[in-house]
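Work through the exercises below with the sequence and the 3D structure open. Each task is followed by a solution in steps.

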Amino acid sequence: MNFPSFIQPDFNKEPFISAPDVKTEPAGDGFLPENFYATTIYPEYFKIGGKWIMLHKSRMDCVVVIKDGVPTVTEPRRVKSGDMVVVGRQDDGKAGVYVHANCFEEAKENGDSAFVFRTGQSRESSYSREYDQLYDILRHDRDNGYIVWVLGPACVFDYDSRNAMSNLIKKGYCDCLFAGNALATHDLEAALFNTGLGQDIYSKKHVENGHYNHLHTINLVRKAGSIESFLKNYNLDTGVMHALTTNGIPFVLAGSIRDDGPLPEVIGNVYEAQNAMREHTKKATTVVCLATQLHTIATGNMTPSYCETSDGIRPVYIYSVDISEFAVNKLHDRGSLSVKGLVTNIQDFLVNLERNL
């Protein structure tokens, strides 16, 4: 896999040479200095003691605290009174802060033409190349990266897509999974009853009193004490949650206000869920988000456009896949400009992906 080359800034040129050290001000008790600097998805450098230092493990909408000459990214809610927070909104290098937005060498797609058709992502877009690139990226990152999946319940409402996702996990294409209570609940419902919200996941036949199935499943899992114990108690050996637990793959289930139950592993405190997710987005090299708008936006906003590996700095690839054009383009509109969108049926996407890998 040939990644775009990272272009190091030349700090031996102006305006970097004449730039002053970055400015800081102390945080208050639970609040930031008014002119605080907010981080982006790109590599960022801060001039400290006359030297330009790169910020590690960054993510957007956070702040930078400098302690003992080292810049550290942190969420505003974690800042403590007296922490020295970077201030100033100028990020072109002239004030001690530099955002390196054009950091990867990319081939020009459209030549010198300024007027072209079909630059957005829609149902009419061609995705053959995106599929081929995704196959190459996933094959590389299976052994050399950290692949995070973000799944909505639609992924397990279909017999074939549920099996496809389970097989991708078993084959090593998943290092962590993010979801909500619904994905896990309906996957376990499918394992026990072969239904999703009471509808057979293969025949689409609605079973009698099927609307109880997901509630009954949650109740049994809560009685068992954990998803793993539930799977063992009922000798269940299919599905996404089974593939994760049997292969020791971590998952984060973030709760929401509408949850039934929820399952024992669901994290009800949103900030605890955010903390848990960020431990994995810090390591992510590829993120694939399927049919879940809110979890996709949350994950995208936690994930930078780059990562540091033993081979150097490379892009982080983020894919947003949904049948809705609005959902696919929403993450891009929220500042995660490195996201690649595919507008397609999620069941077809997973089956196609698993077959080609």
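A residue is called buried when its relative accessible area is under 20%, exposed when over 50%, and partly exposed in between. The model is a predicted one.

**Exercise 1. Decide whether helix α8 is enclosed or open to solvent.**

Step 1. Locate the helix: α8 covers residues 293-302.
Step 2. Apply the cut-off of under 20% to each residue. The residues of α8 that pass are H295, T296, I297, T299, G300, N301 and M302.
Step 3. Compare with the length of the helix. Seven of the 10 residues are buried, so α8 is largely enclosed by the rest of the structure.

**Exercise 2. Describe the surroundings of strand β13.**

Step 1. Check the cover. Strand β13 spans residues 286-290, and five of its five residues are buried.
Step 2. Sort the side chains by direction. In a regular strand the side chains alternate between the two faces of the sheet. In β13, T286, V288 and L290 point one way, while V287 and C289 point the other way. Both groups are buried.
Step 3. Find the strands that pair with β13. Strand β8, residues 147-151, runs parallel to β13 and is joined to it by five bridges. Strand β16, residues 317-322, also pairs with β13 in the parallel sense, over five bridges.
Step 4. Fix the register with one residue pair for each partner. I147 stands opposite T286 of β13, and C289 stands opposite S320 of β16.

**Exercise 3. Which residues does L151 touch, leaving out those up to four places away in sequence?**

Step 1. Place the residue: L151 is in strand β8.
Step 2. Classify L151. Its relative accessible area is 1%, so L151 is buried.
Step 3. List the contacts, leaving out residues up to four places away in sequence. L151 touches M165, L177, F178, A179, L183, L290 and T292. Of these, L290 belongs to the residues of β13 sorted in Exercise 2.
Step 4. Relate L151 to helix α8. The C-alpha atoms of L151 and H295 are 8.0 Å apart, with the two positions 144 residues apart in sequence. H295 is one of the buried residues of α8.

**Exercise 4. Is R278 buried or exposed?**

Step 1. Place the residue: R278 sits in helix α7, residues 270-281.
Step 2. Apply the cut-off. R278 has 9% relative accessibility and therefore counts as buried.
Step 3. Name the contacts beyond four places in sequence: R59, M60, C62, E75 and M302. M302 is itself a buried residue of α8.

**Exercise 5. Find backbone geometry that departs from the usual pattern.**

Step 1. State the expectation. Most residues other than glycine have a negative phi, and most peptide bonds are trans.
Step 2. Look for cis peptide bonds. One joins E14 and P15, with omega about 5 degrees; P15 lies in the segment before β1. Another joins G261 and P262, with omega about -10 degrees; P262 is in the loop between β12 and α7.
Step 3. Look for positive phi outside glycine. N194 has a phi of about 65 degrees and lies in the loop between α3 and β10. K204 has a phi of about 70 degrees and lies in the loop between β11 and α4.
Step 4. Add the accessibility. N194 is partly exposed because its relative accessible area is 28%, whereas K204, at 58%, counts as exposed.

**Exercise 6. Place G50 and state how far it lies from P20.**

Step 1. G50 is in the loop between β2 and β3.
Step 2. At 47% relative accessibility, G50 counts as partly exposed.
Step 3. The C-alpha atoms of G50 and P20 are separated by 7.6 Å, and the two residues are 30 residues apart along the chain.

**Exercise 7. Summarise the protein chain as a whole.**

Step 1. Count the elements: the chain has 10 helices and 17 strands.
Step 2. Test the overall size. For 357 residues a compact globule would have a radius of gyration near 21 Å, and the chain has 22 Å, which agrees.
Step 3. Check the cover: buried residues make up 50% of the 357.
Step 4. Check the range of contacts. Among contacts with a separation of 6 or more, 69% are between residues 24 or more positions apart.
Step 5. Count the charges. There are 35 positive and 44 negative side chains, and the centres of the two sets lie 2 Å apart.

Technical notes: Residues are numbered from 1 along each chain as its sequence is written. This is a predicted model: local features need pLDDT of at least 70, side-chain atom pairs count only at pLDDT 80 or more; totals for chains, interfaces and linings use all residues. Side-chain values use heavy atoms; hydrogens and water are left out. Helices (H or I, at least four residues) and strands (E, at least two) are DSSP runs, numbered from the N terminus. The radius of gyration is taken over C-alpha atoms; the globule rule is 2.2 Å times the number of residues to the power 0.38. Buried means under 20% relative accessible area, exposed over 50%, partly exposed in between (1.4 Å probe, protein chains only). Contact means heavy atoms within 4.5 Å. Lys and Arg count as positive and Asp and Glu as negative; His and the chain ends are not counted. The place of a charge is taken as NZ of Lys, CZ of Arg, CG of Asp or CD of Glu. Two strands pair if DSSP finds at least two bridges between them.
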